[in-house]
Amino acid sequence: MADLLGGFTLPLLGASVFVAALTCFTYRMLSDYLHKWFQMKPIPELEGTYPLIGNALQFKPNAGDFFNQIMEYTRENYHRPLFKIWVGPVPFVVLFHPETVEPVLTNAVHMEKSYSYSFLHPWLGTGLLTSTGPKWRRRRKMLTPTFHFSILADFLEVMNEQAEILVEKLDQQAGKGPFNCFSYVTLCALDIICETAMGKKIYAQSNSESEYVKCVSKMSDIISRRQRTPWFWPNFAYYSIGDGREHDSTLKVLHSFTYKVITERAENVSSVESDSDSDHGRKKRQAFLDMLLKTTDEDGNKMSHRDIQEEVDTFMFRGHDTTAASMNWVLHLMGSHPEAQSKVHQELQEVFGESNRPITTEDLKKLKYLESVIKEALRLFPSVPFFARSLGEDCHISECPEEGEGPGSLRHGFKVPKGANAVIITYALHRDPRYFPEPEEFRPERFLPENSVGRPPYAYLPFSAGLRNCIGQRFALIEEKVVLASILRKFNVEACQKREELRPVGELILRPEKGIWIKLEKRKPLISPS
């Protein structure tokens, strides 16, 4: 009898421990949820918010419909400083006014990324995009010198070479009617980031069917789907009935590729240092990876291969999709506004004349109107349409001043508790008519220096702002100028879609649902008046 009872004791003890742990976890989760629910009750919320599931059932499953839905919420609540959305048991306060965004982005306490970024950890680890606290500060300090303008200028050769390949590809479409240019530009951006970040040519523009090229795009879609569906947040559900297996198989391809490149580059770094010049006297190209392999922290410690892989994967993720999307939006806007395109052509003519020479750093400084075009495109179609922070302490969000009141006017506001997530909707922020009159109109002149005076710094955030602003924004603007100038030196662009037909899809990156359809004609040289 004792043996029989002893046989039941261990399983019963194990089951009891499991039940006790589950009860404790459930109690803590419910307690935290109820605490936030009552604390945040005064904050305006959407209709149809239910306990535990929040607003999740209201969300449209289609990514384009979901984005339009969120934008409609911001329009309906424009008169308010914020509103809240519950995604399952997780609260998000939505911010889209400069006055409410600034207190969050300028306070170092709110530096941690929101819960939704945790789904990037399997791919990117805790690199510069996803890390926080001392690790982020240390990593940012180590990486900032690698984005110095003098180093970025060395990448111009790569950008010019890949832009030339893109122009050759586009030349085959010139005069042949409408075509979707989105993948052409995206593959060019992918080639540029691979060669500048890793020193590795992947020939994406020539081999778009490569496994790595496909997986880079697929991974972003997989992560975005999971972020929108809270029932797939728990791993057991995600791997049982979700995309867990596809996620892992895609991740394996991405990590294997970057690991192999880092290993090969590390083995060759000593020879790169000892043989800095080639037989022809030309300096060998340095990639970000080469600099990461050599950089040290304040104590002289080098980055581990794991640390380096986190940053290389982050460069690959954030360094091609964002610039590719932005350049595609510019091409649509140029094709829709011939008067602005004519001004860009005039500027290119003044800088380059009839020459086909590569673009230099001095040329980039002169392309001021093209830069205004890029900035206005990023206002209308920010590559990152929203981003989020986890609040590190209780935060007071004030009401926005009404017309006639000064920006410092004190008004009633709302207390947002520590641990809530704040989502900054860049797409809506950039459409504030107080700072961008007739906000849906494309007007590059808004960003000429004389027209930017007095605009609040947090009214325009294409690269975020504050401590965690985008470290690669200079790189992005240089690349966009080089690629777009190369295209517009050769072609006239005509858009084949109206604005309402684009249907922006706000996933990790803002993309048009059905691509960017344009027509190209080879450009005839402008005849300057004698």
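Helices, of at least four residues, and strands, of at least two, are DSSP runs numbered from the N terminus. In this numbering, cysteine 470 lies in the loop between α18 (449–452) and α19 (473–490). The model described here is predicted.

**The chain as a whole**

The protein chain holds 20 helices and 11 strands. Of its 530 residues, 52% are buried. Among the contacts with a separation of 6 or more, 74% are between residues 24 or more positions apart. The accessible surface of the chain amounts to about 25,400 Å², and carbon and sulfur atoms contribute 56% of that area.

**The four-stranded sheet**

One open sheet is formed by four strands in the order β1-β2-β7-β4, with mixed pairing. The edges are taken by β1 (83–87) and β4 (386–390); each has a single partner strand, so one side of each lacks a neighbour in the sheet. On average, neighbouring strands here are turned by 30° against each other, with direction ignored.

Within this sheet, β2 (residues 90–95) pairs with β7 (residues 421–425) in the parallel sense, over four bridges. Leucine 95 is placed opposite isoleucine 424 of β7. Helix α2 (residues 63–76) lies across β1, β2, β4 and β7, and runs at about 150° to β1.

**The three-stranded sheet**

Another open sheet has three strands in the order β3-β11-β8, and its pairing is antiparallel. Here the edge strands are β3 (179–180) and β8, each of which pairs on one side only. Strand β11 (residues 517–522) is joined to β8 by five bridges, and to β3 by two bridges. Phenylalanine 491 has lysine 522 in β11 as its bridge partner. On the β3 side, phenylalanine 179 stands opposite isoleucine 518 in β11.

In a regular strand the side chains alternate between the two faces of the sheet. Strand β8 (residues 491–495) has such an alternation: Phe491, Val493 and Ala495 point to one face and are buried, whereas Asn492 and Glu494 point to the other face and are not buried.

**A pair of crossing helices**

Helix α13 (residues 305–336) and helix α16 (residues 368–380) have axes that come within 9 Å and cross at roughly 105°. Angles of 65 to 115 degrees count as roughly perpendicular, and α13 and α16 are therefore roughly perpendicular to each other. Which residues meet where these helices are in contact? From α13 they are Ser326, Val330, Leu333 and Met334, which meet Val373, Ile374, Ala377, Leu378 and Leu380 of α16.

**Individual residues**

Four residues can be set side by side by their relative accessible area. A value under 20% counts as buried and one over 50% as exposed, with partly exposed in between.

| Residue | Relative accessible area | Class |
|---|---|---|
| Arginine 228 | 15% | buried |
| Glutamine 349 | 12% | buried |
| Serine 304 | 33% | partly exposed |
| Cysteine 470 | 33% | partly exposed |

Arginine 228 belongs to helix α9 (residues 211–228). Is arginine 228 buried or exposed? With a relative accessibility of 15%, arginine 228 counts as buried. Apart from its neighbours within four places in sequence, arginine 228 is in contact with Phe59, Pro61, Ala63, Phe66 and Glu507.

Glutamine 349 is part of helix α14 (residues 338–352). This residue and arginine 489 are 140 residues apart along the chain, and their C-alpha atoms are separated by 7.9 Å.

Serine 304 sits in the loop between α12 (288–294) and α13. From C-alpha to C-alpha, serine 304 and leucine 292 are 9.5 Å apart, with 12 residues of separation in sequence.

Cysteine 470, the loop residue introduced at the start, appears in a database record. The unreviewed UniProt entry lists Cys470 under "binding site". In the model, cysteine 470 is partly exposed, as its relative accessible area is 33%.

Definitions and conventions. Residues numbered from 1 in each chain as written. Predicted model: local features only at pLDDT ≥ 70, side-chain atom pairs only at ≥ 80, totals over all residues. Heavy atoms only, no water. Pairing = 2+ DSSP bridges. Axes fitted to C-alpha atoms, helices over the stretch in contact; angles between N-to-C directions. Contact = heavy atoms within 4.5 Å. UniProt positions renumbered as here; feature names shortened; annotations may be inferred. Buried < 20%, exposed > 50% of the residue type's maximum accessible area, 1.4 Å probe, protein only. Areas by Shrake-Rupley, 256 points an atom, 1.4 Å probe, with all protein chains shown as cover. Parallel < 35°, antiparallel > 145°, perpendicular 65-115°, else oblique.
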